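Please read the following report alongside the sequence and the coordinates. It describes the architecture, the contacts and the packing of the model shown below.

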Amino acid sequence: MKFIIKKAASLLITLVFVSLLVFLSFEFIPGDPASSLLGTQATPEKVEALREEMGLNRPTLVRYLDWSSGFIRGDMGTSYSYHIPVKEMVGGKVPITLALTLLSFCFTVMIAIPLGIYMAKHAGGRLDSFLGVLNQIMMAVPAFFAGILLTFFFGLVLHWFTPGGFVSYEVNLGKFFSYLILPAIAIAIPKSAMTAKLLRGSILEQSELDYARTAYSRGNSTNDVLWKHLLKNAMIPVITFLGMVLADMIAGSIIIEQVFGIPGLGRILLTSIANRDYPVVQAIIMILAIAVNLINTIVDIIYHQIDPRIKYQ
Amino acid sequence: MTLLEIKHLNIEFHDHLIPETVVFDLNLQMEEGEIVGIVGESGSGKTMTALAVAGLLPRHGMKKTGEILFDSRNLLFCDRKVLRTYQGREIAMVFQEPMTSLNPVKKIGWQVEESLKIHTDLSEEERYSRVVQVLQDVELKNPEEIYHKYPHELSGGMRQRVMIAAAIVCNPRLLIADEITTALDVTIQDQIIKLLLKINKATKMGILFISHDLSLIRRICNRVAVMKDGYLVEEGLTDQIYQNPIQEYTKRLIAAVPKCEKISLEEEEV
């Protein structure tokens with residue numbers, strides 16, 4: 001319990017630093033939202049007037065406190081380009097990206113863990129060698145390329161789905177998920193290949209250790225040694241890796257959303273960056289940062305539960 | 001009654017380009033309740049012999065011939081399913097490294113209990129009381145507390161006691177102790193040896209005691225087998241061998257036992 005409180009506190013501190021970083025980085029990068037909004041009509045007087053109107057002339061610290069306190073209350077500011085609250089623009093997109101990420105993660109776990117165990121159990125066999133090569137290839141395929149191949153094969157050759165089609169989760173939840181399956185697989189392919197390889201190696205490493213021999217000496221079968229003794233130990237590095245994978249998937253889903261034409265966070269993020277719509281960009285980056293940090297904290301807590309040697313200091 | 005009979009045991013490794021024989025034509029017999037020692041330096045094949053008896057030799061990359069008779073069954077070539085009914089129930093083993101021989105993520109109680117779960121139909125409560133009993137038997141204080149601890153929370157000596165407890169929990173007829181005191185402090189060594197003797201007296205459990213330390217063997221074993229480079233060079237009653245060694249190698253091994261004298265380098269250079 002103490003451990004969890006400590007982790008939550010460090011999560012909060014991290015998020016404060018992240019928010020500072022997110023805010024300040026837009027102070028320093030070149031380009032002025034006022035002049036980019038005015039475009040070709042920009043005269044120095046008009047730009048100055050607009051800056052004043054947008055509150056950009058106030059001191060940086062005041063604007064940071066204003067922005068961050070607003071963020072905590074759930075007010076993410078107003079989009080420069082569309083003049084609507086950022087919350088409205090972003091809010092509806094979060095579930096889409098979240099669903100895509102979680103679905104990809106579930107696929108990764110569902111593919112990688114049985115595969116890794118199978119490969120470890122049959123290490124050195126013919127199928128293991130074959131899977132090893134296949135794994136190496138899958139690892140080298142970037143998710144967006146796998147996405148293009150999947151779209152081509154299942155969309156254009158087999159006509160199982162309409163490429164570029166999408167149904168909102170508010171309209172039909174089942175259909176919504178069916179459109180996410182292929183993108184999720186595209187994200188999951190390289191990740192599960194890596195995870196399976198790591199798990200295979202981790203199990204084999206554990207099987208060489210003394211305690212595995214002790215387990216055999218008590219009359220355990222090979223399967224019992226694997227399931228009751230090796231797996232929990234072998235999962236420790238895999239869980240750390242899966243935490244990183246999940247964090248990476250949130251960022252990775254932005255690219256895949258483009259390939260499959262899914263209107264998630266990725267799409268607005270890209271258009272907002274192009275338009276210098278800072279409130280939107282800041283909000284999305286903060287949401288992503290919160291998600292990544294939250295995942296890391298959860299992984300740490302799980303890690304703590306599995307490995308008794310990690311003690312709260 | 002004969003407990004264990006090793007006949008013409010040969011163990012050969014084929015996992016390198018050149019096959020390597022680690023045990024040559026070994027013959028050894030052990031009576032019920034007897035403590036037999038195997039002594040030899042590293043690489044003499046004593047651990048390989050022990051692993052062969054415990055059925056723990058690697059399954060691939062090796063050739064083995066001969067017989068290991070236990071209950072008039074050749075354990076060297078019997079079905080793995082049959083072998084498993086002996087492992088942990090009739091034949092148990094304690095290893096050299098107490099720090100790494102326990103599973104780091106499982107509680108002590110779970111690990112001591114495991115053989116009972118595999119080999120008996122005892123209920124959960126019966127198993128618990130047996131585990132607490134056996135932890136007490138190996139002279140661990142607060143067994144109920146230790147039951148819920150993890151290996152990293154115990155000292156090396158305590159872990160070796162836990163290993164012994166886990167090995168004897170099913171009352172096996174043969175306990176193989178492979179260098180079990182080597183990694184421990186001298187004072188703890190002494191306690192563990194006395195503990196083994198006590199267990200042997202109380203339960204008539206046969207002990208195959210493997211060590212490189214002849215003085216230790218002399219304190220605990222009735223009979224000893226001396227091994228060198230895979231060969232059994234001499235075998236007999238411990239006191240007899242200690243006083244009248246026949247083989248040159250045994251003489252050197254006895255001479256190598258450290259005496260409580262200051263080492264003087266000049267003497268050796270002569």
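The report proceeds from the overall form of chain B to its strands, and then to domains, chain contacts and cores.

**Basis of the description**

This is a predicted model, in which local features need pLDDT of at least 70 and side-chain atom pairs count only at pLDDT 80 or more, while totals for chains, interfaces and linings use all residues. Residues are numbered from 1 along each chain as its sequence is written, and chains are lettered from A and ligands numbered from 1 in the order in which they are written.

**Overall form of chain B**

Chain B contains 11 helices and 10 strands; helices (H or I, at least four residues) and strands (E, at least two) are DSSP runs, numbered from the N terminus. The C-alpha trace of chain B spans about 65 × 45 × 40 Å along its principal axes. Its radius of gyration is 19 Å, which agrees with the value near 18 Å for a compact globule of 270 residues; this radius is taken over C-alpha atoms, and the globule rule is 2.2 Å times the number of residues to the power 0.38.

Of the 270 residues in chain B, 41% are buried. A residue is buried if 20 or more other C-beta atoms lie within 10 Å of its own, exposed if 12 or fewer, and partly exposed in between, with C-beta atoms placed from the backbone. Among the contacts in chain B with a separation of 6 or more, 66% join residues 24 or more positions apart. Two residues are in contact if their C-beta atoms, placed from the backbone, lie within 7 Å.

**Strands of chain B**

Strand S3 (residues 35-39) of chain B is mostly covered, with five of its five residues buried. On one side these are B:Ile35, B:Gly37 and B:Val39, and on the other B:Val36 and B:Ile38. In a regular strand the side chains alternate between the two faces of the sheet.

S3(B) runs parallel to strand S8 (residues 206-211) of chain B, to which five bridges join it. Within this pair, B:Gly37 has B:Phe209 as its bridge partner. S3(B) is also joined by four bridges to strand S9 (residues 223-228) of chain B, again in parallel, and here B:Val39 stands opposite B:Val226. Two strands pair if DSSP finds at least two bridges between them.

Elsewhere in chain B, four strands form an open antiparallel sheet in the order S2-S1-S4-S5. Strand S2 (20-31) and strand S5 (73-74) of chain B are its edge strands, each pairing on one side only. Strand S4 (residues 62-70) of chain B pairs with S5(B) over two antiparallel bridges; B:Leu69 has B:Asn74 as its partner in S5(B).

**Domains of both chains**

The table lists the domains; their bounds come from an automatic or database domain assignment.

| Chain | Domain 1 | Domain 2 | Distance between C-alpha centres |
|---|---|---|---|
| A | residues 1-93 + 264-313 | residues 94-262 | 31 Å |
| B | residues 1-90 + 174-258 | residues 100-171 | 25 Å |

In chain B, the contact takes 12 residues from domain 1 and 13 residues from domain 2. Helix H7 (residues 186-203) of chain B gives the most to the domain 1 side, with five residues. That side of domain 1 of chain B divides into nine nonpolar, two polar and one charged residue. Here Ala, Val, Leu, Ile, Met, Phe, Trp, Tyr, Cys and Pro count as nonpolar, Asp, Glu, Lys and Arg as charged, and the others, Gly among them, as polar.

In chain A, 19 residues from domain 1 and 19 residues from domain 2 take part in the contact. Helix H5 (86-91), helix H12 (265-274) and helix H13 (278-306) of chain A each supply at least two residues of the domain 1 side, and H13(A) gives the most, with 10 residues. The domain 1 side in chain A divides into 12 nonpolar, four polar and three charged residues.

**Contact between the chains**

In the contact between the chains, 23 residues of chain B meet 18 residues of chain A. On the chain B side, helix H2 (80-86), strand S6 (91-94) and helix H3 (108-119) of chain B give two or more residues, and H3(B) gives the most, with four residues. The chain B side comprises 10 nonpolar, nine polar and four charged residues.

**Nonpolar cores**

The largest nonpolar core has 118 residues, of which B:Ala165, B:Leu175, B:Ile176, B:Ala177 and B:Leu208 touch the most other members. A nonpolar core is a set of buried Ala, Val, Leu, Ile, Met, Phe, Trp, Tyr and Cys residues joined through C-beta atoms within 7 Å. Helix H11 (residues 222-260) of chain A supplies the largest share of this core, 16 residues. Apart from this core lies another, of 19 residues, including A:Phe23, A:Met76, A:Ala283 and A:Ile287.

Leaving aside neighbours within four places in sequence, B:Ala177 is in contact with B:Val94, B:Leu196, B:Ile207, B:Leu208, B:Phe209 and B:Ile210.
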